[in-house]
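Trainee: Could we go through this model together? I would like to learn how each label is earned.

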Number of protein chains: 2
Amino acid sequence: MLDPKHIKSLKDLVGEENVFSDKAHMIAYSYDATRTRFEPDAVVFPRDEEDVSRILVYCNHHGIVITPRGAGSGFTGGALPTSGGIILAMEKHMNKILEIDMENMVAVVQPGVINMDLQKAAEEVGLFYPPDPASEEYSTLGGNVSENAGGMRAAKYGITKDYVMALRAVRPNGDIIRAGKRTIKDVAGYNVAGILIASEGTLAVLTELTLKLIPKPNFTKAYMGIFPSVDDAMNAVFKSLAAGANPVAMEFMDDLVVQALKEKLGIELPEDAGALLIGDVDGNVSEEVEFQLEILERSFKENGAQDFVIAHTAKERDKLWYARRNASPSITIFGSKKLNEDISVPRSMLPEALKRIYEIGDRYGFKVPCFGHAGDGNIHVNVMVDGSNEKQLEEGHKAIKEIFELVVEMGGTLSGEHGIGTSKAPFMDIAFNDAELTLFRDIKKAFDPNNILNPGKMGLPN
Amino acid sequence: MLDPKHIKSLKDLVGEENVFSDKAHMIAYSYDATRTRFEPDAVVFPRDEEDVSRILVYCNHHGIVITPRGAGSGFTGGALPTSGGIILAMEKHMNKILEIDMENMVAVVQPGVINMDLQKAAEEVGLFYPPDPASEEYSTLGGNVSENAGGMRAAKYGITKDYVMALRAVRPNGDIIRAGKRTIKDVAGYNVAGILIASEGTLAVLTELTLKLIPKPNFTKAYMGIFPSVDDAMNAVFKSLAAGANPVAMEFMDDLVVQALKEKLGIELPEDAGALLIGDVDGNVSEEVEFQLEILERSFKENGAQDFVIAHTAKERDKLWYARRNASPSITIFGSKKLNEDISVPRSMLPEALKRIYEIGDRYGFKVPCFGHAGDGNIHVNVMVDGSNEKQLEEGHKAIKEIFELVVEMGGTLSGEHGIGTSKAPFMDIAFNDAELTLFRDIKKAFDPNNILNPGKMGLPN
């Protein structure tokens, strides 16, 4: 519990109307998409960067823990106040698009801006902000940068880190720092922006982001490859890409997901589909789109595809994507609770990885429907259990651990896009050795010697 | 001077044949492209990562300074042993391409591999490694990563950092760390690879690099825009890019460079050219190449271009690029010594930046021929002085300082691609405030508490 004198001091710093410690607020800011709950002691809404600096100076001095928070839509607990203290919520005031610079094709935004709001603002002036996490309608850009959010378009366009040109942030001691420039090339000083991306709010508080925009391609078409088996589809993924295909997205759904979409939502999908690959291709000229579709069709068919479908109208395209977008909600037919993890492996390992993940599921007796961003090697693996059965939950977590061990052994990562937070913290020592974990702690200490920023996340000390 | 007992110990660690302290070696490893000289006390050629670790453990314990070195082709002194100690030279043993993984489109290399050797190896299997610093024929990939080297293709393809997927490195305490993965998405743990890129050998010693390769585009054409003035050309740069052009390169030469190319090398160039923009466009389909050329021609002509030339044959293309490649050697007609700096500004600031850079030159009475990578905002600015005239040299350095102040005021950076090293270290406080410089020192201390790795570089403590 925070001493009431601190609440009063924080109110003096940023205004009475921006500091709350009532029960309703504590409950409202206790959760994220992990559905676990930790109540903070106070919620503070900074009005600007100066407020952030003042709050950090105060909390650093008094050893008060701070958890920065965007929309609280994270899947791994990065925005949960697991050690109490205060939530620093960016959504109320620090939520403005400050500039769309069309001449240099960059946007300058505050961390509380919703991803989709930036996408729309860019599109209005003929530009394009590609990172599209599934949470794009409600997650904030500050959260996206802190977790280095991915999305479907990563296969061609990369992830959030590829779009961060510069940022402003506040260190726990209150120091305001700038990192990066509105230029493609900048090699002066350490790449501080690089280390703050994906640092999950443990090193500094982001206060402004300068993000790269690109010209919007003129032509887009959607495609679907229908495969007899997951193995065929997974081979087609890396072989088509190695053959020169560069699709915007290449999304995968396995036979269980196809079954769930049919049974639960009545979505029409090809008979006997053992796996699907769905995606978009784009280009400045229609010939580039055709070029991409030709490589994909040839490569898919060489790898066993039964059929290759091109969506020629917006309606056909929407139909293909409707299936993909409903993959996640549909699979609950296999169990009331899904233990979902987003693993990522080098693409050529996908066939073997999927085969062995299903074997793990079989051994435990769980269905493990898989779908996701195969084009960049990132798969959402869902171990389906009966959430009311303690024994099943325990066994499910054991299966997840085995999956992580497998993925790391194959040169993959614990998390392709969700981050580590608290959910994956227990698995850090699978992926990193003592020397690497020590380095993480050394970096943390250099930025935040009093450990006030989001302690205990990413496997770092509490 | 290094105590002879240390030389003996180092020989015990890595073999007699890999440690030298004779005068000839000390001279051979005393220089880089800055042409200043600092002799080390010893040169050590590690055979592998284990050797690197052993050497670092020993030197860290005994407080012996280490300067990692690739080819010594840097322009800012990053590889100069300014504090003596040992040179850790990667060229002899740690110079192998370990793997070209065609399935995942990555290369795994040791740091001593020459950039062009990787470009060629990739090309042989139909892949493409885009970063092309002017030193590509002799600079090493370890050096490229340490300085975050740029090049001509950055306008479309980005710079070295955009191609580093993973790396291995050794900390001063001997700890071997891995960072990153052979996957597009990886958000587990701090982005250690991100902070090691461009760290100029001050944080850890790179021992292995995993670099992204991409499919080689099928079609390339070169173009040249001829402009009456630098101002017109600089407007055309950012306006054509904002209009959707995405050229591989957009290289600039001003009227002085054009004059020098004609006078010194007899190169045929258009009469009355006040400035030139030269570059390539590429694509998977010829229509994309034509699309790009159309945007460029339209945009260039809207911004005052007298002519737009397309090279239709390899010979015509070579002729255009021959001029650009000889820009640097030709300009010595304006002074025996060039004080050359590679500034970078947001592209829309190029017209104003160039105008004011020439004004600074005029005020001091120096010619300042400029050329470079306008498409990414990076310009090589050359203050030409009489190298034998002390007074001129001193005035030239004053002009350079004014240019840096101007560039930073315009939102630009001290260095687009050459790094800071020792040459630009005195200007760090123009670009960074106390809080930022303090953070750099804190990061350095976290990685290298005894300050044995390349001390004194980047404005960090000696």
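Mentor: Gladly! Let's begin with a term: a nonpolar core is a set of buried Ala, Val, Leu, Ile, Met, Phe, Trp, Tyr and Cys residues joined through side-chain atoms within 4.5 Å. In this predicted model, the largest such core has 200 residues.

Trainee: Which residues have the most contacts inside the largest nonpolar core?

Mentor: They are F252(A), L277(A), F300(A), M234(B), F252(B), L277(B) and F300(B). Leaving aside neighbours within four places in sequence, F300(B) is in contact with residues including Y223(B), F227(B), L277(B) and F308(B).

Trainee: Why is R69(A) said to have no salt bridge?

Mentor: A salt bridge needs a side-chain nitrogen of Lys or Arg within 4 Å of a carboxyl oxygen of Asp or Glu. For R69(A), the nearest side chain of opposite charge, E91(A), is 5.4 Å away, so the cut-off is not met. R69(A) is buried all the same, and belongs to strand β3 of chain A.

Trainee: What makes the pair of R69(A) and Y31(A) a polar contact?

Mentor: A polar atom of the R69(A) side chain lies 2.9 Å from the backbone oxygen of Y31(A). The limit is 3.5 Å, so the distance fits.

Trainee: How do you know that D254(A) caps α9(A)?

Mentor: One of its side-chain oxygens lies 3.1 Å from the backbone nitrogen of L256(A), at the N-terminal end of the helix. After α9(A) comes G266(A), with a positive phi near 65°.

Trainee: Which residues of α9(A) are buried?

Mentor: L256(A), V257(A), V258(A), A260(A) and L261(A). The elements they pack against include β13, β14 and α11 of chain A.

How values were computed: Residues are numbered from 1 along each chain as its sequence is written. Chains are lettered from A and ligands numbered from 1 in the order in which they are written. This is a predicted model: local features need pLDDT of at least 70, side-chain atom pairs count only at pLDDT 80 or more; totals for chains, interfaces and linings use all residues. Side-chain values use heavy atoms; hydrogens and water are left out. Helices (H or I, at least four residues) and strands (E, at least two) are DSSP runs, numbered from the N terminus. Buried means under 20% relative accessible area, exposed over 50%, partly exposed in between (1.4 Å probe, protein chains only). Lys and Arg count as positive and Asp and Glu as negative; His and the chain ends are not counted. A polar contact is a pair of N or O atoms within 3.5 Å; within protein, one must be able to donate a hydrogen and the other to accept it, and residues adjacent in sequence count only if both atoms are side-chain atoms. Contact means heavy atoms within 4.5 Å.
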